[in-house]
Amino acid sequence: MTTATARRAGVSLPPGSSRRHKVFGKNPLGLLFSAPYLIFVILIFAYPLVYAIWIAFHDFFFAAPGAQVDRPFVGLDNFVTALTDPAVLRSFLNVGIFLVINVPLTVVLSMLLATALNKVVHLRAFLRVAFYVPYVTASVAVVAVWLFLFNGGGLVNSILGPLAPDPSWLINSAWAMPTIAIFVTWKQLGFYILLYLSALQNVPKELYESASTDGAGAVRQFFSVTVPGVRPATVLVLLVSTITGANLFTEPYLLTGGGGPDGASASPVLIMYQKGLQQGQPDVASAIGVVLVIGVLIIAFVQNRLVGRED
Amino acid sequence: MSRTQTILRGIVLGVGALAFLFPFYYMVIGSLQTAPDATVAGAFPNPANITGENYVNINSRINLATGLINSGIFTGGVLLCTLVFGILVGYALAVLQWRGRGMTFALVILVQVVPFQLLMIPLYVLIARDYGLTDNYLGMILPFAINSTAVVIFRQFFLQLPKELFEAARIDGASEIKLLWSIAIPLARPAIITGVLLTFIGPWNEFLWPFLITKDAGKQPLAVSLANYISNVAASTANPFGATLAGAVVLAVPVVVLFIVFQRYFISSDLGSGVKG
């Protein structure tokens, strides 16, 4: 805001309020307006975040409400328990397989479809709605139709005939995770298309014109103008799809009946649920969560270095 | 733009639209089949194989009305909190000058980056164990009470309003609360609708958290009761897919209709500003 406003606002204030200004700023009401949000940030974000890390380093178990129990500090014990468990290691491998399929596919398909959609004049609204309908619909609802499509005697296999994998997609240990990765790509794509559409509005038209004058065709223009032009959006899409992928729970829980076959599609969050809440080891589950988040941060950092650089 | 390119683009978009829409069409068709027909012919409506029976069946296993009401209360609570807290802090961040503004905005961004899975265990310990809010709407709503993406959208919109508007009203002696209520909020209607749409799909579709916090079927949102039906009951019924798909249609329709009606508010620019911060 301009200094003129400040002066005008200052004039209207009663004398003696200048010291209050020094402590709370020109408009202390801002803090009051923000207070409910800030209280909730502490209550359901900051405190649980610290608590999660605390639990991961202590011998923590569920006790009767109000009971005084001893929860000794155990150092890295929970991390050792987690990382020596084959089921946990398998789940990290699974999420790795998931990300390797899901993230590149998401970036390529959403960029391609957004670029195509951006040039369309007719049916634009219809196509946009068509693209984001899977994104706005509940996973639980679309999982139902995917189960119908991809089960042993489902439509996909009746079209593929002899080419269908045996055992079928979701009960095949080699295909279960890739099928989930493709499901999530399909489900989330609309959101990323919207992000790219927004980014495409910021690519200067002159760049396309000068590329065209230089004799660049549509494909050349896509790679030398569009792709670099939407790089900030690509960084964001990489980050969001990685975080979303690391959070994977509903799909393995429902599509493959709890991470089957034989743990081949179990995700770390699914293991956290099973270990932490079903088997009563919230400390080990918290340790898995901490490791997972550190892993995501490292991946995000590497992605940012590789894609986010300015050249 | 050459003709081949236009055709190629048409094909890409057409295949895309088909891939996105077909499963929804198939969901409706499947929910109306007397016996599941997974052949290619089954993808077309067959008058001899159409029934409303599946909707009756799923309704007898999981009470659809109760599920919808629970989803509605959960979603409504989250929306109310998001709007009240989000508009207040969005206004404070965009219009008011106060100490701590920069730090608060940094927090808004930070909250979006930390993934839910890290908070799942401590939130469960706190809300289910310490506060005893299992099978309680408050327990469902609490972790979603603040939506930082919505805060960014509101802030962005308030920033675009002309400063002179506020200055003039302040000189006339209007209080900040009056400014917010009678100037900023009425003007921010499009941003509020975008915020509502974006927030709505979160709790309405959310599965993990309400699944953890509700054991009583009478308190479960529809997404949770349908998921429990899929994982526990469906396999043992005569037409497992019919009833499941009927439930899926009931869960999907409110959101899909909402987004078709308000689609012009769910546009890239608003969303982009919201996520980019």
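In this predicted model, a good place to start is F191(A), which touches Y132(A) and Y135(A) once residues up to four places away in sequence are left aside. F191(A) sits in helix α9 of chain A. Is this residue buried or exposed? F191(A) counts as buried, because it has 22 C-beta neighbours inside 10 Å, and the cut-off for that label is 20 or more. V133(A) is 58 residues away from F191(A) along the chain, yet the two C-alpha atoms are separated by just 9.6 Å.

Helix α9 also matters for the packing of the whole model. It spans residues 176-200 of chain A and supplies 15 residues to the largest nonpolar core, the largest share of that core. The core itself has 166 residues. Which of them touch the most other members? They come from both chains: V140(A), I193(A) and Y196(A) on one side, with L226(B), A248(B) and L251(B) on the other. L251(B) gives a closer look at how the chains meet there. Leaving out residues up to four places away in sequence, L251(B) touches A138(A), V140(A) and A141(A) from chain A, plus L222(B), A223(B) and L226(B) from chain B.

The contact between the two chains takes in 86 residues of chain A and 85 residues of chain B. On the chain A side, helix α3 (residues 29-56) gives the most, with 17 residues. Sorted by class, that side has 64 nonpolar, 18 polar and four charged residues.

Zooming out to chain A as a whole, there are 15 helices and zero strands. How spread out is chain A next to a compact globule? Its radius of gyration is 26 Å, whereas the globule rule gives 19 Å for 311 residues, so chain A is more spread out than a compact globule. Its C-alpha atoms fill a box of roughly 85 × 75 × 35 Å along the principal axes. Of the 311 residues, 41% count as buried. Contacts also reach across the sequence: among those between residues at least 6 apart, 70% join residues at least 24 apart.

Chain A is divided into two parts, domain 1 (17-75) and domain 2 (78-307), and their C-alpha centres lie 33 Å apart. Where these domains touch, domain 1 puts in 10 residues and domain 2 puts in eight. The domain 1 side of that contact has eight nonpolar residues, one polar and one charged. For chain B, the assignment gives domain 1 (4-51) and domain 2, which is made up of 63-221 and 246-276. The centres of the chain B domains, taken over C-alpha atoms, are 34 Å apart.

A few spots in the backbone of chain A deserve a mention too. The peptide bond from D166(A) to P167(A) is cis, with omega near 0 degrees, and P167(A) is found in the loop between α8 (155-160) and α9. Two residues that are not glycines have a positive phi: L123(A), at about 60 degrees, and D262(A), at about 55 degrees. L123(A) belongs to the loop between α5 (86-118) and α6 (124-136), while D262(A) is in the loop between α13 (250-255) and α14 (268-278). L123(A) is partly exposed, because 14 other C-beta atoms lie within 10 Å. D262(A) has 11 such atoms within 10 Å and is therefore exposed.

Methods
Residues are numbered from 1 along each chain as its sequence is written. Chains are lettered from A and ligands numbered from 1 in the order in which they are written. This is a predicted model: local features need pLDDT of at least 70, side-chain atom pairs count only at pLDDT 80 or more; totals for chains, interfaces and linings use all residues. Domain bounds come from an automatic or database domain assignment. Two residues are in contact if their C-beta atoms, placed from the backbone, lie within 7 Å. Helices (H or I, at least four residues) and strands (E, at least two) are DSSP runs, numbered from the N terminus. Ala, Val, Leu, Ile, Met, Phe, Trp, Tyr, Cys and Pro count as nonpolar, Asp, Glu, Lys and Arg as charged, and the others, Gly among them, as polar. A nonpolar core is a set of buried Ala, Val, Leu, Ile, Met, Phe, Trp, Tyr and Cys residues joined through C-beta atoms within 7 Å. A residue is buried if 20 or more other C-beta atoms lie within 10 Å of its own, exposed if 12 or fewer, and partly exposed in between; C-beta atoms are placed from the backbone. The radius of gyration is taken over C-alpha atoms; the globule rule is 2.2 Å times the number of residues to the power 0.38.
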